[in-house]
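Please work through the exercises below with the model open beside you, and try each task before you read its solution.

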Amino acid sequence: MQDTDTEESPPSQEGQEGQEAPPPPAEDPASDIGDAVDSANQAVEDAGEAVQQSLPDESVIEESVEGLRDHLLSLWDGLQSQMLTLGVAIEAAILIAAIVPAAFFGPRLRKLIQTQIAPRAPYGVLRRAANAFAHLATPIALYVLLQAAVLGLQTAGSSTGLISAGVSLLTAWIVIRLVTLVIRSPFWSRVAFYVAWPIAALDAFGVLDDVVRQLQAFSFPIGEDENGVEQTFSALDFLRVLAVFGVLFWGARFLNHLIQGRINAIDELTVSFKALLSKILNVLLPVVALVVALQVVGFPFGTLAIFGGAIGLGIGLGMQRTVSNFFAGFTLIADKSIKPGDVIEIEDSYGWVTAMNARYVTLRTRDGTAHLVPNDKFIEDGVVNWSHDDRVVRLHAPFGVSYSTQDVRGLARAAEERALTIDRVLKSPSPRCNLMEFGDSSINFDLRFWINDPANGSANVRSDVLMAIWDMLHEMDIEIPFPQRDLHIKSAPDGLKMTVESRGEALSNSRED
């Protein structure tokens with residue numbers, strides 16, 4: 001049985017116009033809550049759709065992964081096409097095979113250097129260089145074999161990229177080890193490390209020529225030559241100057257050390273003249289090394305005629321004190337006012353000169369400290385040189401005795417004899433004790449004695465002499481008086497005057513007793 005719903009037709013328009021509109025139905029609270037819940041559910045659904053739309057599509061992620069996979073595969077194919085070839089295999093086999101003869105000939109080369117070359121080399125840098133080459137005999141033999149292999153492959157028209165990279169890295173390692181073993185300087189070892197390894201790495205990857213061209217392109221004009229052609233100075237020229245100057249500067253230091261050793265061995269030369277020659281060499285050789293380094297790289301000195309004059313004027317005005325100290329050092333050595341070994345006193349510093357440098361004089365005191373005194377201070381303020389012409393100097397030991405001492409002549413002779421008991425006091429010239437004055441409270445003497453080793457100090461030997469005099473005075477029962485003063489009171493209150501008079505009488509009575 002099928003149920004059918006009968007739909008009632010809506011009232012006609014004409015009927016509605018003639019009738020009044022029915023009143024609006026009353027609002028139901030339950031229906032309002034349901035509408036609010038439906039609106040909230042719709043908002044949540046809209047927000048979920050918006051979040052899903054903002055997330056990347058799975059197809060986009062798959063496309064990026066596929067692109068990365070294709071890029072890695074292309075790199076692997078390029079690596080296989082470049083490395084997994086017959087030429088590269090031959091180079092790798094040569095690299096491995098070269099180790100065997102290098103290990104065979106290396107110890108024999110080391111034995112040859114240690115027995116035939118190193119013993120004949122003089123002590124110093126040359127001996128260390130020979131021992132360094134003996135220590136690196138096996139790597140050097142491997143380097144020679146790899147260089148021969150490179151020449152052979154180039155003659156045969158085969159590739160040499162892998163062996164050339166190995167040769168570059170091996171060369172850098174050998175250079176760093178040689179610098180470390182020969183020079184034994186942490187600074188130059190670091191310089192060799194930070195210079196050799198970058199160059200070897202750039203050469204191994206085949207980009208050294210590109211870097212050189214970029215450095216050559218980075219330049220700035222420095223002037224024009226006599227023909228009007230603009231001259232430039234590039235970053236590559238600067239690096240070349242540093243490299244050449246570093247090598248020449250090290251050679252200049254080695255030559256300076258060698259020449260100074262020869263000069264110091266000449267007994268006919270005075271100490272001051274030796275110091276003068278040393279100062280000249282210390283300044284001249286580095287300047288010559290810098291000029292030669294600039295000449296090697298082709299630096300145009302003619303373009304700096306005006307510009308260099310302006311720079312020289314500015315440097316001269318800004319370094320007046322330095323230049324003054326520099327020339328004052330030459331003056332001190334030339335006129336022989338002070339020299340290494342002299343015992344001098346300047347202001348509050350007392351000691352002996354240990355070195356005379358380009359800017360200052362090293363003064364070593366008795367405390368073991370080194371005072372670096374500028375050279376021009378000796379000329380401007382003056383200096384006391386205790387050993388300028390003669391190292392024999394006279395010292396003073398003053399003392400006083402009571403007026404109750406009867407035999408002052410015998411006391412003076414005893415003081416002179418007691419001074420001779422000190423080891424550093426010279427017997428000739430002999431000590432002399434003079435009576436200087438009749439003081440307010442004592443008879444004052446001055447014991448004068450001589451020493452010939454002022455570098456060992458003067459205060460200590462004066463202390464020894466004064467202690468000997470103290471012992472002598474106590475043995476002879478001679479009093480060392482205290483300062484005494486007589487006080488005369490012209491006017492005072494009666495009570496104070498009576499007190500002073502009574503105490504004075506009591507003191508005089510005690511003395512009479």
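**Exercise 1. Assign an exposure class to F254, and then examine its ring contact within the helix.**

Solution. F254 has a relative accessible area of 31%, and because partly exposed covers the range between 20% and 50%, F254 falls into the partly exposed class. The model is a predicted one, so these values are computed from predicted coordinates. The next step is to look at W250, which at 30% relative accessibility is likewise counted as partly exposed. Both W250 and F254 belong to helix α10, where four residues, or about one turn of the helix, separate them. Their rings form an aromatic pair with 6.3 Å between the centres and 15 degrees between the planes, and this pair is stacked. A search of the whole structure gives four aromatic pairs.

**Exercise 2. Classify the ring pair of F399 and F445, and state which elements it connects.**

Solution. The ring centres of F399 and F445 are 5.4 Å apart and the planes meet at 15 degrees, so the pair is stacked, given that planes under 30 degrees apart count as stacked. To place the pair, note that F399 is found in strand β8 (residues 393-401) and F445 in strand β10 (residues 443-451), so the contact ties together parts that are 46 residues apart in sequence. As a last step, consider accessibility: F399 and F445 are both buried. A ring contact of another kind involves R108, which lies over the face of F104 at 4.0 Å from the ring centre.

**Exercise 3. Describe the largest pocket by its volume, its lining and the helices that contribute to it.**

Solution. The largest pocket holds about 970 Å³ of space. Its lining comprises 31 residues, of which V191, A192, V195, A243 and V247 are the closest to the centre. Turning to secondary structure, at least two lining residues come from each of α7 (161-182), α8 (186-204), α9 (208-217) and α10 (235-264), and α8 gives the most, with 10 residues. Sorted by class, the lining of the largest pocket consists of 27 nonpolar, three polar and one charged residues.

**Exercise 4. Repeat the description for the second largest pocket, and relate it to the residues of Exercise 1.**

Solution. The second largest pocket contains about 300 Å³ of space. It is lined by 16 residues, and those closest to its centre are W250, A252, R253, F254 and H257, so that list includes W250 and F254, the two partners in the stacked pair of helix α10. Two or more lining residues come from α5 (125-135), α10 and α11 (271-296), while α10 gives the most to this lining, with seven residues. The class count for the second largest pocket is 11 nonpolar, three polar and two charged residues.

**Exercise 5. Derive the neighbours of strand β3 in its sheet, and identify the edge strands.**

Solution. The sheet is open and has five strands in the order β6-β5-β4-β3-β7, with antiparallel pairing. The edge strands are β6 (370-374) and β7, each of which pairs on one side only. On one side, β3 (residues 343-346) is joined to β4 (residues 349-356) by four bridges in an antiparallel arrangement, and here I344 has G351 as its bridge partner. β3 also runs antiparallel to β7 (residues 384-385), with two bridges between them. In that pairing I344 has N385 as its bridge partner, whereas E345 stands opposite V384. The hairpin of β3 and β4 has two residues between the strands, and E347 in this hairpin adopts a positive phi near 55 degrees.

**Exercise 6. Locate further backbone features that depart from the general pattern, and give the setting of each.**

Solution. The general expectation is that most residues other than glycine have a negative phi and that most peptide bonds are trans. Against this background, the peptide bond from S428 to P429 is cis, with omega near 0 degrees, and P429 is located in the loop between α15 (408-419) and β9 (432-438). D477, a residue other than glycine, has a positive phi near 55 degrees, and D477 lies in the loop between α16 (459-475) and α17 (494-512). With a relative accessible area of 71%, D477 is exposed, because the exposed class begins over 50%.

Terms used. Residues are numbered from 1 along each chain as its sequence is written. This is a predicted model: local features need pLDDT of at least 70, side-chain atom pairs count only at pLDDT 80 or more; totals for chains, interfaces and linings use all residues. Side-chain values use heavy atoms; hydrogens and water are left out. On a 1 Å grid over the protein atoms alone, a cavity is a set of points where a 1.4 Å probe fits but cannot get out, and a pocket is an open set with protein on both sides within 12 Å along at least five of seven lines; lining residues have an atom within 4 Å of a point. Grid points are joined across faces, edges and corners, and a volume is the space filled by probe spheres set on the points. Ala, Val, Leu, Ile, Met, Phe, Trp, Tyr, Cys and Pro count as nonpolar, Asp, Glu, Lys and Arg as charged, and the others, Gly among them, as polar. Rings of Phe, Tyr and Trp (its six-membered ring) pair if their centres lie within 6.5 Å; planes under 30 degrees apart count as stacked, over 60 as edge-to-face and the rest as tilted. Buried means under 20% relative accessible area, exposed over 50%, partly exposed in between (1.4 Å probe, protein chains only). A charge sits over a ring if NZ of Lys or CZ of Arg is within 6 Å of the ring centre and within 35 degrees of the ring normal. Two strands pair if DSSP finds at least two bridges between them.
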